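Reader: I would like to learn how to read disulfides in a model. Where should one begin?

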Amino acid sequence: MTFSKSLLYLLICGGVSYASSLAVYQDKTFYTYTPEKKYIGVTQGVQAKCKDSTVSLVESLICPPQERLCQILTTLENTQEGLLSLDANAKVLEKLISLPRPISFDSKSWIESAKMIGKEQASIFKEKQKVGKDLKHQQKNFQKQAPSKQALQSTQLCKKDLELSIPYGYVSFSSTYEADIVNEKEITVTQYLSIINRSGIDIKADTAMFYYRSSHQYIHPIHFNPWIVRKYIPAPTRTYKKTKNREIHVDMAMMNEEMGGTNVSMAMAKPIVSYEDAREYKIQNLNLPSTGTPLDVKVLTWRTDLTCNIRAYPYIKRQAFHVCSFKPKYQIDSHQWKIKSGSKMMNENAVGEYKNKNYNLYTKIEEDIQIRRKAIVKKERETGIFGGTARKKDGFVITLTNKAKKHKTLTIIERIPTSTTDEIKSKLLSIKSDKKVNYKILQDGKIEMHVKLDAHESKQIEILFELSYDKDLKVSY
């Protein structure tokens, strides 16, 4: 029994000792692990601590050949060496050609030699082009994976937990969302973390945390300051005394004394606040090699009720679109979405936004509805003067056409001018159509109309409004 307990204790201690963790913030990354060797990675700008003691990191002339990035670096260096060798061969060949010619020579031999030299030059030139392109590709690929071409190692092996402080931008992440809308009554939302590691350090973490906030947050100390009411004292007349080089403001000391000696600039100082959000994510057993390629990890999936409709704002854009609204179960961190319906991709670059208590997802354009908007009253006409008041009628016609084989119901958002002064008044006169239009007039001249279009139906809606103002007043809208 004693032996079993001792074994269990050793296993637990060993597990704790070799546990690794990763914490990615918006400004820095911290990677903690128990190293088995001095090698850190192909990187730069990294700081290290072994428990509470700072560990010196130095560039190494030898990159361990068993390490993945070292193998890529060795291949890159071999390609560079090959290109230099071809350059040297080309220069040697050019030097041979430029040697003094003999007084007597065999023309046939010279012709054959010229052919051989030309062929060799062409071969070297072609090989240089090929190797040069390959080298550029390898350099670009390596720069994506590591910020340096020098291996970094610690001066001494840390036998405890080694904490690496990795600079901003070497490890980054962002949230991406995917929505599956099957029947426009329910939505399945899947959130992913897209993680990129280009630190030059291949990371393996038992626990990885990702924070949408900075690791360094400074909050300016704020203390209560009473709001004092005082008897009003008119400010004294300012006087100035001239000197040879400048004018001196002589009454500042008196003003400071009246204000209780308060430094004005200090009183006006604003607190510095950097904290914005505490959104965080946790991933177990994360393998994150420094490849520079995004690693997409599913965070969570949830379902909720959904309502969708078709909307159009003809005064801005002559195109209808689908909007789906839902109440998120979790906070939405990014507003770029992929929209699917089962296995069918609807939109790879959709946009969403919080609106009131809901979240609106703009899923796709409604291609089957055609919208036209045309003014029916020219601004310089239809103007009458009654007493001292000018009354001007204006309006427009909206033409809606459903090109689909089934009916469509949509919400049209329109507007009439609204006034911010009592000198100008605006009112809706009428909204007319062949069939009754279900509408309501809202604040700021907003008009919301609900329209049903049968298959292949075309409908016209006429909207008239009137402006009234003093006849001597000029208006614009």
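Author: Begin with the criterion: a disulfide is a pair of cysteine sulfur atoms within 2.5 Å. In this predicted model, Cys63 and Cys70 are joined by a disulfide, with an S to S distance of 1.9 Å.

Reader: How many disulfides does a search of the whole structure find?

Author: The search finds three. Besides the pair just named, Cys50 is joined to Cys158 at 2.0 Å from S to S, and Cys308 to Cys324 at 2.0 Å.

Reader: What is the pairing when the bonded cysteines are numbered in sequence order?

Author: The pairing is 1-4, 2-3, 5-6.

Reader: Which parts of the chain does the link of Cys50 and Cys158 tie together?

Author: Cys50 belongs to strand β4 (residues 47-50), while Cys158 sits in the loop between β7 (151-154) and β8 (162-166), so the disulfide connects parts 108 residues apart in sequence.

Reader: Is the disulfide of Cys63 and Cys70 left-handed or right-handed?

Author: Its torsion about the S-S bond is about -70 degrees, so the disulfide is left-handed. The link of Cys50 and Cys158 is right-handed, with 80 degrees about the S-S bond. For Cys308 and Cys324 the torsion is about 110 degrees, so that disulfide is right-handed.

Reader: Are Cys63 and Cys70 buried or exposed?

Author: Buried means under 20% relative accessible area. Cys63, at 19% relative accessibility, counts as buried, and Cys70 is buried at 0%. Cys50 is buried at 15%, as is Cys158 at 4%. Cys324 is buried too, with a relative accessible area of 2%.

Methods
Residues numbered from 1 in each chain as written. Predicted model: local features only at pLDDT ≥ 70, side-chain atom pairs only at ≥ 80, totals over all residues. Heavy atoms only, no water. Helix = DSSP H or I, 4+ residues; strand = E, 2+ residues; numbered from the N terminus. Buried < 20%, exposed > 50% of the residue type's maximum accessible area, 1.4 Å probe, protein only.
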